[in-house]
Amino acid sequence: MNIFILTGAGISAESGLGTFRDKDGAWSKFDPMKLATPQGFRRAPDDVHHFYNMRRRDLLTAEPNAAHQALGRLEAGLAERGGELFLCTQNIDNLHERGGVRRVVHMHGELLKARCTHCGLVAEWHEDLAVELPCPDCKRTGGMRPHVVWFEEMPLHMDEIFDALVGAELFVSIGTSGAVYPAAGFVQSAKHAGIRTCEINLDPSENAFVFDERRYGPATELVPLWVDEVLAGGFPARA
Ligand code: BJW
């Protein structure tokens with residue numbers, strides 16, 4: 001079976017990384033228009049660097065949880081059975097990779113990479129970023145930014161993602177509120193392509209009503225159980 005999984009901040013919540021729109025989420029304390037838009041970065045780059053520097057430091061001490069590890073098991077198990085996992089994440093953390101998934105597509109970028117807006121360099125980056133840091137390649141200052149996708153910017157790898165989505169037999173959304181497009185529209189695209197859809201989340205997402213099947217609870221409990229079911233052949237692609 002070919003499975004397309006979309007993950008969001010909820011899958012990393014039990015690893016201690018905050019979500020965005022939950023009661024204590026980032027957007028309850030900070031203004032996304034100031035910290036997650038190109039205009040916000042132009043107006044107050046120090047504030048944006050501070051926000052991502054804190055999150056980068058948190059990520060470097062976080063560990064993958066049972067849900068990340070179960071998806072690593074799923075990728076290997078599907079491959080043994082002649083199937084494939086396409087894991088598309090909105091998360092900028094690297095916990096899927098560290099949980100054992102070999103191929104992860106980061107549509108909103110990666111926190112452990114930096115990009116130079118002057119020369120386009122994208123480099124691994126584990127340190128704090130600052131306005132005065134020169135680009136390691138072109139040496140100009142003021143252009144280094146986190147390699148993440150802010151509002152009004154085009155998400156990454158969209159052609160590859162849509163090809164995989166329409167080629168899948170099952171679409172599963174895990175730990176995302178369904179508030180941010182284009183990811184929030186994937187379930188509709190899957191439905192139009194006749195693909196079975198399933199949501200696994202703590203609470204119903206904004207587009208919960210579209211899914212064929214819904215399971216609610218913590219990802220660390222529900223995802224390993226669901227993976228066991230799939231690998232035992234008890235979760236067929238068609239309803
Ligand atoms: C648990 C749990 C546990 C908790 N177990 N579950 C219509 C169509 C197309 C586009 C748009 C549109 N309307 C508006 C737009 C534009 C915009 C958008 O969608 N805005 C909405 C707010 C309406 N989208 C964009 O701008 C995107 N670009 C784009 O569309 O390009 C085309 C374009 C170009 C020019 C002009 C206009 C369009 C880009 C979106 C970039 C998003 N960036 C962010 C921040 C950067 C990365 C970062 O800092 O990390 O990405 S915003 C933030 O939201 C972050 C996330 O990836 C993203 C999604 O959040 P997620 O993952 O769903 O988290 P939460 O907190 O919302 O939900 C967590 C869920 O987990 C909850 O449901 C909990 O219940 C659950 N949970 N604990 C299981 N233990």
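**View 1. The largest cavity.** A cavity here is a set of points, on a 1 Å grid over the protein atoms alone, where a 1.4 Å probe fits but cannot get out; its volume is the space filled by probe spheres set on those points, which are joined across faces, edges and corners. This is a predicted model, where local features need pLDDT of at least 70 and side-chain atom pairs count only at pLDDT 80 or more, while totals for chains, interfaces and linings use all residues. Residues are numbered from 1 along each chain as its sequence is written, and side-chain values use heavy atoms, with hydrogens and water left out. The largest cavity holds about 80 Å³, and a search of the whole structure turns up one cavity of 30 Å³ or more.

**View 2. The lining of the largest cavity.** There are 15 lining residues (an atom within 4 Å of a point), and L6, S173, A183, A184 and N207 sit closest to the centre. Strand 7 (170-174) and helix 9 (186-192) each give two or more residues to this lining (DSSP runs: H or I of at least four residues for helices, E of at least two for strands, numbered from the N terminus).

**View 3. Helix 5 and its cover.** Buried residues (under 20% relative accessible area, 1.4 Å probe, protein chains only) on helix 5 are V48, H49, F51, Y52, N53, R56 and L59. Their cover includes helix 2 (26-29), helix 4 (38-43) and strand 4 (109-116), going by contact, meaning heavy atoms within 4.5 Å.

**View 4. Where the two domains meet.** Here 15 residues of domain 1 touch twelve of domain 2.

Definitions and conventions:
1 Å grid on protein atoms, 1.4 Å probe; cavity = no way out; pocket = protein on both sides within 12 Å on 5 of 7 lines; lining within 4 Å. Buried < 20%, exposed > 50% of the residue type's maximum accessible area, 1.4 Å probe, protein only.
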